[in-house]
Amino acid sequence: MADSLIQNYPRSVMESLRTFAKDYFRHAVAAANLSRDVFTKGIKLDSLTNPDSSFILDVGTSMTAALRDVTVDPSKMIQDNTELALKYWQLAQSTALIALKQPAEPVIAADSSDHRFDDEAWHNNPFYYAVGQAYLINAGYLEKVTKHLGGLNENNRRQLNFLVRQIVNASAPTNFFITNPEAVRKCRQTRGLSVVRGLENFFRDLVRSRQLLNISLTDQKAFEVGKNVATTPGKVVFENRLFQLIQYEPTTDTVHQTPLLIVPPFINKYYIMDLTAKKSLVRWLVSQGHTVFMISWVNPDASHRDLTFDDYIQNGVLRAMEAVEQATGEHKLNAIGYCVGGTLLATALAHLKKISDDRVKSSTYFATLLDFSDPGEIGVYLNEQMVRTLENYIDKVGYYDGRFIALSYSSLKENNLVWSYFVNNYLKGEQPVPFDLLYWNSDSTNLPATMYKYYLREMYINNNLREPNALTIAGTPIDLTSIDTPSMFVSAQQDHIALWKATYSGFRLFSGEKHFVLGQSGHIAGIINPPESGKYGYYLNDKDPESPEDWFEQTDYHQGSWWPHWQSWVSRFQGEEVDPRLPGDGKLDVIEAAPGRYVKKRLV
């Protein structure tokens, strides 16, 4: 029946479909070639004014290297081209069936996690069906061709794969009004009002953007720091040029003798650990009887250009430890570091070990890299040339704009964090919904020039933190392998920023008692996982074999949040029960109410 329908289908229509398929592929190849030419020929060093241009230049170098060194297996290329031709023939047949309202199996199905083509029009409308299927066929072909290229080193292959993925996803038909059935339908239903609203959203974002379009991910007016996020009661009891220290108010009849200091990352603001009340790790820790102190880093500008990585250790982490002692009278404390905050904490501990200071009774590391040999997909932005270009850029302005960092991380999940909002906000004219996590994600922080240059070069490029005595901090060479403080590492299985297998390598550097926990989900949800949510579980294994694969092979799975497990582990180091400590009771006076001025400074 199907063959008969196709044979009798008007020849002109079949020819049109073949011509469309051929032209679509030709234009896709032309676009890829144009992108290659722009990246390899059209960028000049003296035109660099921001790090995005520097990335384009760096990608251009990688593309040039790829084209120079590439080798092609003729048999695989012939096979790929044969499969491509066959798929287009199948597309012509299935499109004809769709046009005749007959059932037809798609030539290629979108990944189950890809919801761009969920709308019924992609399956029932001949035009959208042909466009969507042609796109998926081309995307699969480019992926195969890239995969089959030989003669590339790992770095060039990773960058080439990343670039191809960006081009493929940027050129998706869903990103264009005419070829997005939902956008067209919305326009028709609203009599064009959705287009007007989309333009309003676009120009609103354009006005608040600087150097590149900053797409709204959430309703910015729905949240305010100190009112409905970062609301756990507390007081700022210390501040210097680098940070404010928040002491949270107790909520239990007694508290543990040993205070708890949290070192958040300086790349984002601390309140990822104090979002709404139900998601607040800080509020939960206070409810467990801990006297909690939180570092709130300054959001630097050009006046902070000379702040060093050493400053973040000496005048940051170590000064905060001294302030905790002043506030509580306790010399010893427990400490938590999140992401880069964990890198700072481990560095500080290595220094303390060198000077025989044992004030830290236990340390916990959330999604923390100490061995940077595998930085994950963010490594496409980090190589010698890229770092040199970034150094030139930030030397001129005195800091690295946090919005570029946010965009870099968003590009690792471009369909979820870039193009989906582009489509919803601009093509469909919808308003982004209030979401506290995305509000925090868009509340970016700058990084001081001197510190950031050191961090990129010594950690990511040279990977010197893991090398004994390769770095000098606060006047002493440091060695992570000397750290014997009881430590727990908590990583996340789907983390694309700090790959859990890479964090496991850092975990094995320590020489003392150590414990590795692997939570489900990603960099944020795997850590901010309240017991009440019941969403994700975690994996445990008391042994520490050399390879993370061997470790995981022997794990036991536990349903629910890992937070109670951490509390059970840290209870050995929390001391006796004492009377609650109120901010201002010790040697430090209250400066202002939490969350303080530093965290409220937004980039403009």
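In the predicted model, Y460 touches L369, F372, P375, L382 and Y455, when residues up to four places away in sequence are not counted. One of these partners, L382, stands 78 residues apart from Y460 along the chain, yet the C-alpha atoms of the two residues are separated by 7.2 Å. Y460 belongs to helix α17, which runs over residues 449-461. The relative accessible area of Y460 is 14%, and because a residue under 20% is classed as buried, Y460 falls in that class.

The residue just before it in the numbering, M459, is likewise placed in helix α17. M459 has a relative accessibility of 0% and therefore counts as buried. With its neighbours within four places in sequence left aside, M459 is in contact with F309, F372, Y454, N464, L465 and L471. F372 thus appears in the list of contacts for M459 and also in that for Y460. A further link across the sequence is seen between M459 and L370, which are 89 residues apart along the chain and whose C-alpha atoms are separated by 8.2 Å.

These two residues are part of a wider set within the helix, since the buried residues of α17 are A449, M451, Y452, Y455, L456, E458, M459 and Y460. The cover over the buried residues of α17 includes the helices α11 (309-328), α12 (340-354) and α13, together with the strands β10 (399-400) and β11 (447-448). Just after α17, the backbone at N463 adopts a positive phi of about 50 degrees, although N463 is not a glycine. N463 is found in the loop that joins α17 to β12 (472-473), and with a relative accessible area of 13% this residue is buried.

A second positive phi value is found at A367, where the angle is near 45 degrees and the residue is again other than glycine. A367 sits in the loop between β9 (360-366) and α13 (384-397), and its relative accessibility of 1% places A367 among the buried residues. Another feature of the backbone concerns the peptide bond from A594 to P595, which is cis, with omega near 10 degrees. P595 is located in the segment after β19 (592-593).

Helix α18, covering residues 500-507, is largely enclosed by the rest of the structure, because six of its eight residues are buried. The buried residues in question are W500, A502, T503, Y504, G506 and F507. Among the elements that cover them are the strands β14 (487-492) and β15 (514-519), as well as helix α19 (548-553).

The packing of two other helices can be described by their axes: those of α7 (residues 154-170) and α15 (residues 414-427) come within 11 Å and cross at roughly 30 degrees. This crossing of α7 and α15 is right-handed. On the side of α7, the residues that take part are R165, Q166, N169 and A170, and these meet E414, N415 and W419 of α15. Sorted by class, the contact of α7 with α15 comprises two nonpolar, three polar and two charged residues.

Attention may next be given to the empty space inside the model. Rolling a probe the size of a water molecule over the atoms shows where empty space is left. The structure holds one cavity of 30 Å³ or more, and about 100 Å³ of space lies in the largest cavity. The lining of the largest cavity is made by 17 residues, of which N268, K269, W297, V298 and T445 lie nearest its centre. Strand β7 (residues 292-297) makes the greatest contribution to this lining, giving three residues. By class, 11 of the lining residues of the largest cavity are nonpolar, five are polar and one is charged.

For the chain as a whole, the protein contains 20 helices and 19 strands. Of its 604 residues, 53% count as buried. When contacts in the protein chain with a separation of 6 or more are considered, 80% of them are accounted for by residues 24 or more positions apart. The pairing of Y460 with L382, 78 residues apart along the chain, illustrates a contact between residues distant in sequence.

Notes:
Residues numbered from 1 in each chain as written. Predicted model: local features only at pLDDT ≥ 70, side-chain atom pairs only at ≥ 80, totals over all residues. Heavy atoms only, no water. 1 Å grid on protein atoms, 1.4 Å probe; cavity = no way out; pocket = protein on both sides within 12 Å on 5 of 7 lines; lining within 4 Å. Points joined across faces, edges and corners; volume = space filled by probe spheres on them. Helix = DSSP H or I, 4+ residues; strand = E, 2+ residues; numbered from the N terminus. Nonpolar A, V, L, I, M, F, W, Y, C, P; charged D, E, K, R; others polar. Axes fitted to C-alpha atoms, helices over the stretch in contact; angles between N-to-C directions. Left-handed = near helix turned anticlockwise from the far one by under 90°. Contact = heavy atoms within 4.5 Å. Buried < 20%, exposed > 50% of the residue type's maximum accessible area, 1.4 Å probe, protein only.
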